[in-house]
Amino acid sequence: MRQSLSTVGGIALLATTLVGSGCAKRVESDTRPAPESIAEYYPLAVGNQWTYRLDKRDDKPVTVEIVKEQDGYFLDNQGGQLTVDAYGLRDPKRYLLRGPLEAGRGWNNVVSVSSTERYQLVQVGFACQAPAGSFPNCVSVEGRNRVDAKTTLVNTMTFAAGVGLVRVDVATEQDGKRVPQTELELVSFKVGPAGAAATPPAAAN
């Protein structure tokens, strides 16, 4: 069940493509986090870039670079569109990271009449590692989407403060047993100051 890159940034698009498509219409709480605290975990600015390896292969790296800001979103070279609003980090279809940043907190993204993605913050404030380095302040988010009566697709994204998305692990789950499908790991990055946010469309010139 491997699919092409398309989840956060272009990589953010891998996760979102793997867990489904549609619009984020309902969430479990209207609690608004401080937008800058969410923005820290995925620095949005034109020119920022992240390079990943797929399934531990170094021969075909994928680089995601933010190339422009348009209609309130930062667009990258892989087709990704991201922004940080008053609730969290999102693409046009769903919230990928939502505050407050507390382990166990969850939210739903209703993506169609018959499909709901369920997200939960698994860990907050822990150290994580990737080929690009060790990062002291990370959060991990687990997204779940039922594929059929027996199978659930589980997508785990790990974000590092001041860096962005450092890992994506995709697995299928049947009868409580997980089978890994795809793994993405950050191998290098270049980012500007954390906390940049897209200009709201109404205020754009």
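**Disulfide and aromatic contacts**

In this predicted model, Cys-128 and Cys-138 are joined by a disulfide with an S to S distance of 2.3 Å, and the structure holds 1 such bond. Cys-128 belongs to strand S8 (residues 115-130) and Cys-138 to strand S9 (residues 133-146), so the bond ties together parts that are 10 residues apart in sequence. The torsion about the S-S bond of this pair is about -65 degrees, and the disulfide is therefore left-handed. Both partners are shielded from solvent by the criterion applied: Cys-128 is buried, with a relative accessible area of 7%, and Cys-138 is likewise buried, at 0%.

Among the aromatic side chains, the count comes to 5 pairs. The rings of Tyr-42 and Phe-159 have centres 6.5 Å apart and planes at 75 degrees, so this pair is edge-to-face. Because Tyr-42 lies in the loop between helix H2 (35-39) and strand S1 (49-54), whereas Phe-159 lies in strand S10 (residues 152-160), the contact ties together parts that are 117 residues apart in sequence. Tyr-42 and Phe-159 are both buried, and ring pairs link these two residues with Trp-50 into a cluster.

A further edge-to-face pair is formed by Tyr-87 and Tyr-95, assigned as such because the ring centres are 6.4 Å apart and the planes stand at 75 degrees; both of these tyrosines are buried. The ring of Tyr-95 also takes part in contacts with arginine, since Arg-90 lies over its face at 4.7 Å from the ring centre, and Arg-98 lies over the face of Tyr-95 at 5.0 Å from the ring centre.

Key:
Residues are numbered from 1 along each chain as its sequence is written. This is a predicted model: local features need pLDDT of at least 70, side-chain atom pairs count only at pLDDT 80 or more; totals for chains, interfaces and linings use all residues. Side-chain values use heavy atoms; hydrogens and water are left out. A disulfide is a pair of cysteine sulfur atoms within 2.5 Å. Helices (H or I, at least four residues) and strands (E, at least two) are DSSP runs, numbered from the N terminus. Buried means under 20% relative accessible area, exposed over 50%, partly exposed in between (1.4 Å probe, protein chains only). Rings of Phe, Tyr and Trp (its six-membered ring) pair if their centres lie within 6.5 Å; planes under 30 degrees apart count as stacked, over 60 as edge-to-face and the rest as tilted. A charge sits over a ring if NZ of Lys or CZ of Arg is within 6 Å of the ring centre and within 35 degrees of the ring normal.
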